[in-house]
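Please open the model in your viewer and keep the selection tool at hand. The stops below say what to select next and what is to be found there.

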Amino acid sequence: MSKKGRKQTETGREVHVPCKRAKVEASCPSSPMNYDSPDSVFESLIFPIEEEKFFKEYWEQKPLLIQRDDPSVAAYYQSLFQLMDLKELSSQGLYYGRDVNICRCVNGKKKILNKDGKVNYMQLKRDFDQKKATIQFHQPQRFKDELWRIQEKLECYFGSLVGSNVYITPPGSQGLPPHYDDVEVFILQLEGEKHWRLYKPTVHLAREYNVESEDYIGNPTHEFILKPGDLLYFPRGTIHQADTPLGGSYSTHVTISTYQNNSWGDFLLDAIPGLVFDTAKENVDLRTSIPRQLLMQVDIADSTRRLSSFLRSLADRLENTKELRSSDMKKDFIMNRLPPFLGNSSDPLAPGGKLPKLDSKIRLRFKDHAIITVEPDQDNSEELRKEMVYVYHSLKNRRERHMMGNEDDDTSEEGISETHGLRFPLSHMDALKQIWRSATVAVKELSLKSDVEKENLVLSLWAECLIEII
C-alpha cells in the first residue's frame with residue numbers, strides 16, 4: 001500500500017492494445033475481450049498487467065488502478081450498460097429493493113429513497129435529476145448478454161460466484177458513505193467520470209460489509225479520477241468512497257465482485273465435518289461419550305485438551321488423505337452460478353449426434369460447469385445410507401435468478417434450491433475421473449466391469465448434454 005496522501009500510485013499506464021485472438025467476436029467486433037478461455041478473459045480484463053504479476057503483487061494485498069486512453073475500450077465499456085438501458089428494462093417489470101435501489105449519502109450515512117412496488121422510469125429519472133440520487137441496479141448480467149458472457153467466464157476462472165452491480169450517480173453527488181465490502185472488487189468505468197478515495201483497511205480481508213466514519217479512517221491512501229475504459233481493483237476490506245464531480249456528466253460504473261465466503265476458513269468449515277465423520281468410523285476414541293454434564297459446565301479446560309488431541313489426529317489423517325469432501329461449497333457454487341453463455345446457437349443443450357456406443361470416443365462438453373461429489377444416497381430414507389457418486393452441473397441454471405437469492409419458484413418444498421445432475425454407484429468413480437481428466441476417452445476403455453455399465457454411463461452423461469461424441 002502506498003503512503004497516505006499520494007495519488008495514483010498503483011497504475012498500469014501502458015498504452016492499451018486489444019489482446020490478440022484467433023478470431024474476432026462477431027457479436028462485438030470492437031471488444032477488447034478475448035473469449036478463447038476463462039484465462040484469456042481475465043487477462044483481457046486486467047491488460048496490460050500480467051496475470052502472474054497481478055496475483056503476486058495485488059490480489060488480496062493492495063489496490064490496482066489501470067488508466068487507459070483508448071477510445072475503443074471506452075466505447076466497449078459504455079456498451080456494457082448505459083443510463084438509457086433503464087428505460088427499456090423498467091418496462092420489463094423491475095421492482096424497488098429487488099432490482100433497483102435509489103440512495104444518496106447524507107451526512108456520512110446511506111439514505112434509501114426507494115418507492116414501493118414496480119419501478120416507473122419517469123419517477124426514477126426525476127429522483128435521479130431532482131434529488132441527485134444514485135441508481136443502484138442489481139445483477140445486470142441477468143439482462144445484458146455481454147456481462148453474462150464476461151461473468152460466466154470469470155466464474156469458470158475463479159471457481160467462485162461472480163456478481164455485479166451498476167451505479168449511476170448524477171454530478172455533484174455521492175451514493176454511498178465510506179465503507180468496506182466482503183468481496184474482491186473489479187470496477188469498470190462505463191460513462192462519465194468518478195472521483196475515488198481509498199483508505200487503509202481497518203479489517204484486512206473482511207468477512208462482512210461495514211460503514212466507517214470519515215473521522216476514523218484518516219487520509220486516503222489513493223485518490224484519483226476514473227474515466228471511461230479505466231479499471232480499478234481492490235481487495236475485500238478496502239475502505240472506499242466515490243463521488244461524481246460537479247460540472248460534468250453523470251457517472252456510470254459496474255462493480256464485478258467475487259470470492260465472498262470463499263476463504264480457507266470457509267473451506268475448513270465445509271470439509272472438517274466429513275473428515276470427522278469418516279475418521280469416527282475407524283477411530284473408537286471419537287465414538288466414546290463426552291463427559292457427563294460437559295454441556296452444562298463453564299470451565300471445560302480438561303475437555304479442550306482432549307479436543308486438541310483429536311484435532312492433531314485429524315491433521316495426521318488429513319495429510320494421508322487423497323480426497324477431501326467439500327460437498328456443500330461445491331454444490332452451492334454449481335447450483336447458483338451462471339449457465340454457459342451460448343450465444344445465438346439455436347439449441348445447443350439438446351443431445352446432438354448419434355447415441356454413444358461401446359466403440360465411440362467421447363469428451364466433456366462443459367467441464368467448467370460440472371462437479372463430482374461423493375455423498376450419502378439422497379433417495380434412500382434408511383438411517384444408514386450407502387454412499388453414491390453425484391455429478392452436478394449448471395447447464396440448466398436460470399440466468400435471470402443469478403445472485404438474486406431464493407424465491408418460491410426456485411426452491412423445492414423443503415426450501416432448498418434445485419440441483420441438476422446424475423447419481424451413480426460408487427464403483428463408477430474411476431470411470432468418471434477418466435472422462436474428467438482426459439481430453440478424449442474411448443468408451444470401451446472406461447474403468448468399469450461390464451460393457452453394459454460403460455454404455456449406460458456414457459448414455460446418461462450424453463442425455464444430460466455433458467458429453468459429446470467425436
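Is Cys103 buried or exposed? Select Cys103 and show its surroundings: with a relative accessibility of 0%, Cys103 counts as buried, where buried means under 20% relative accessible area, exposed over 50%, and partly exposed in between, with a 1.4 Å probe and protein chains only.

Before moving on, please note that this is a predicted model, in which local features need pLDDT of at least 70 and side-chain atom pairs count only at pLDDT 80 or more, while totals for chains, interfaces and linings use all residues. Residues are numbered from 1 along each chain as its sequence is written, and side-chain values use heavy atoms, with hydrogens and water left out.

**The cysteines**

A disulfide is a covalent bond between the sulfur atoms of two cysteines. Taking a disulfide as a pair of cysteine sulfur atoms within 2.5 Å, the count comes to 0 disulfides. Cys103 is accordingly in no disulfide, and the nearest cysteine sulfur, that of Cys105, is 9.2 Å away. Then select Cys465, which is buried with a relative accessible area of 7%.

**The whole chain**

Zoom out to see the chain of 470 residues, of which 49% count as buried. The accessible surface comes to about 24700 Å², and 49% of that belongs to carbon and sulfur atoms; such areas come from the Shrake-Rupley method with a 1.4 Å probe, and for residues only the protein chains shown count as cover. In cartoon view, look for 12 helices and 19 strands, these being DSSP runs numbered from the N terminus (helices H or I with at least four residues, strands E with at least two). Among the contacts in the chain with a separation of 6 or more, 78% are between residues 24 or more positions apart, a contact being heavy atoms within 4.5 Å.

**The open sheet**

Now colour the strands in the order 1-11-7-13-5-4-2-3, for these 8 strands form an open sheet with antiparallel pairing, where two strands pair if DSSP finds at least two bridges between them. Strand 1 (64-66) and strand 3 (109-112) stand at the edges with a single partner strand each, so one side of each is left without a neighbour in the sheet. From one strand to the next, the twist averages 25°.

Select strand 13 (residues 251-258), where 8 of the 8 residues are buried, so that the strand is largely enclosed by the rest of the structure. In a regular strand the side chains alternate between the two faces of the sheet. Here Ser251, His253, Thr255 and Ser257 point one way, whereas Thr252, Val254, Ile256 and Thr258 point the other way.

Add the partners of strand 13: strand 5 (residues 162-169) runs antiparallel to it and is joined by 8 bridges, with Ile168 opposite Thr252, while strand 7 (residues 184-191), also antiparallel, is joined to strand 13 by 7 bridges. Val185 of strand 7 is a useful residue to label, since it stands opposite Ser257 in strand 13 and opposite Phe234 in strand 11. Strand 11 (residues 231-234) is joined to strand 7 by 4 bridges and runs antiparallel to it.

**Helices across the sheet and beyond**

Next, show helix 1 (residues 38-46), which lies across strand 1, strand 7 and strand 11 and runs at about 60° to strand 7. Helix 3 (residues 71-80) lies across strand 7 and strand 11, at about 105° to strand 7. For these angles, axes are lines fitted to C-alpha atoms, for helices over the stretch in contact, and the angles run from 0 to 180 degrees between N-to-C directions.

Then turn to helix 8 (residues 264-282) and helix 10 (residues 327-336), whose axes come within 7 Å and cross at roughly 115°. That makes helix 8 roughly perpendicular to helix 10, since angles of 65 to 115 degrees count as roughly perpendicular, under 35 as roughly parallel, over 145 as roughly antiparallel and the rest as oblique. Asp266, Phe267 and Asp270 of helix 8 meet Ser327, Asp328 and Met329 of helix 10 in this contact.

**A last stop: Lys144**

Finally, select Lys144 in the loop between strand 4 (134-138) and helix 6 (145-158); at 19% relative accessibility, Lys144 counts as buried. Leaving aside neighbours within four places in sequence, Lys144 is in contact with Ser79, Leu80, Phe81, Asp85 and Arg399.
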